[in-house]
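Please open the structure in your viewer and keep the sequence panel visible beside it. The tour below proceeds by selection: each stop states what to select and what is found there.

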Amino acid sequence: MVKASLPWRVVPLTNAQCEELCTWKYPSPYELYNWPSWETMLREQTEFADPHIRAEQYRAVVDANGGLSGFVQFFPIVGVTRLGLGLRPDLCGKGSGIGVQFVQLLTREALKHAPGQEVDLEVLVWNERAIRTYERAGFTITDTYEKQTPTGVSNFHCMVYNESLFN
């Protein structure tokens with residue numbers, strides 16, 4: 001079973017945390033992961049601004065003091081839980097292993113949320129930093145395909161969690 005040793009907790013995502021997520025700014029080339037303004041998301045009722053989608057799919061990841069460290073989306077697909085995730089920008093790319101622990105925590109939560117289902121995620125093929133993190137957390141690339149994004153068509157890997165890598 002996957003382990004996470006940082007004192008993070010996965011909790012319901014609040015309005016205040018949604019608003020905070022919309023202020024996070026990732027540096028180039030990761031800026032495509034920035035959310036629109038909270039006002040725009042509320043107006044359009046997209047993603048976690050839609051109360052039903054937020055309650056069903058989104059959770060916050062908080063530290064021991066309750067500070068927002070990240071988020072997760074447990075996107076339901078028949079027989080699969082697809083992870084969408086984000087770590088606070090100042091915690092990314094430090095080489096400290098925090099990303100691996102973060103992904104392992106979210107994988108454990110996905111397995112608790114939907115026991116017996118496969119857990120997977122999608123990652124842009126150019127995002128080698130994330131791919132290395134996901135591999136170290138127990139995911140393997142199983143497919144590569146093109147997919148429409150807000151900025152056009154991009155190539156993605158599908159990565160599937162393989163618990164046997166930790167047994």
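In this tour, a contact means that heavy atoms lie within 4.5 Å. The model on the screen is predicted.

**Stop 1: the whole chain**

Select the entire protein chain and display it as a cartoon. It contains five helices and seven strands. Followed along the sequence, these elements appear in the order β-α-α-α-β-β-β-α-β-α-β-β. The C-alpha atoms occupy a box of roughly 45 × 40 × 35 Å along the principal axes. The radius of gyration is 15 Å, and a compact globule of 167 residues would have a value near 15 Å, so the two agree.

Now show the surface. The accessible surface amounts to about 8800 Å², and 53% of this belongs to carbon and sulfur atoms. Of the 167 residues, 44% are buried. Colour the charged side chains next: there are 15 positive and 19 negative ones, and the centres of the two sets are 7 Å apart. Of the contacts between residues at least 6 apart in sequence, 57% join residues at least 24 apart.

**Stop 2: strands S1 and S2**

Select residues 9–12, which form strand S1, together with S2; the two strands pair in the antiparallel sense over four bridges. Within this pair, Val-11 has Ala-60 of S2 as its bridge partner. S2 is mostly covered, with four of its five residues buried.

**Stop 3: strand S3 and its neighbours**

Extend the selection to residues 68–77, strand S3. Seven of the 10 residues of S3 are buried, and the strand is mostly covered. On one side, S2 (residues 58–62) is joined to S3 by five bridges, and the two run antiparallel. Two residue pairs show this arrangement: Ala-60 stands opposite Phe-71, and Tyr-58 has Gln-73 as its bridge partner. The hairpin of S2 and S3 has five residues between the strands, and Gly-66 there adopts a positive phi near 85°.

Next, add residues 80–87, strand S4, which pairs with S3 over eight bridges in the antiparallel sense. Here Pro-76 is the bridge partner of Thr-81 in S4. The hairpin of S3 and S4 has two residues between the strands, and Gly-79 takes a positive phi near 80°. While viewing these strands, recall a general rule: in a regular strand the side chains alternate between the two faces of the sheet.

**Stop 4: Gly-70**

Select Gly-70, which lies in strand S3. Is Gly-70 buried or exposed? Its relative accessible area is 0%, and a residue under 20% counts as buried, so Gly-70 is buried. Which residues does Gly-70 touch, not counting those up to four places away in sequence? They are Trp-24, Ala-60, Val-61, Gly-86, Leu-87, Arg-88 and Phe-102. Then draw a distance from Gly-70 to Pro-150: the two are 80 residues apart in sequence, and their C-alpha atoms are 22 Å apart in space.

**Stop 5: strands S5, S6 and S7**

Select residues 152–161, strand S7. This strand is mostly covered, as seven of its 10 residues are buried. Add residues 118–124, strand S5: five bridges join S5 to S7, and the strands run antiparallel. Asp-120 has Val-160 of S7 as its bridge partner.

Then add residues 139–149, strand S6, which pairs with S7 in the antiparallel sense over 10 bridges. Phe-139 stands opposite Tyr-161 in S7. A hairpin of two residues connects S6 to S7.

**Stop 6: the loops between the helices**

Select Ser-28 and Pro-29, which are joined by a cis peptide bond with omega of about 5°. Pro-29 belongs to the loop between helix H1 (15–21) and helix H2 (38–44).

Move on to the loop between H2 and helix H3 (51–57), where Gln-45 is found. Its phi is near 50°, a positive value in a residue other than glycine. Gln-45 has a relative accessible area of 35% and is therefore partly exposed.

Finally, select Glu-47, which lies in the loop between H2 and H3. Glu-47 has a positive phi of about 45°, although it is not a glycine. Its relative accessibility is 32%, so Glu-47 counts as partly exposed.

Key. Residues numbered from 1 in each chain as written. Predicted model: local features only at pLDDT ≥ 70, side-chain atom pairs only at ≥ 80, totals over all residues. Heavy atoms only, no water. Rg over C-alpha atoms; globule rule 2.2 N^0.38 Å. Buried < 20%, exposed > 50% of the residue type's maximum accessible area, 1.4 Å probe, protein only. Areas by Shrake-Rupley, 256 points an atom, 1.4 Å probe, with all protein chains shown as cover. Lys, Arg positive; Asp, Glu negative; His and termini not counted. Charge placed at Lys NZ, Arg CZ, Asp CG, Glu CD. Pairing = 2+ DSSP bridges.
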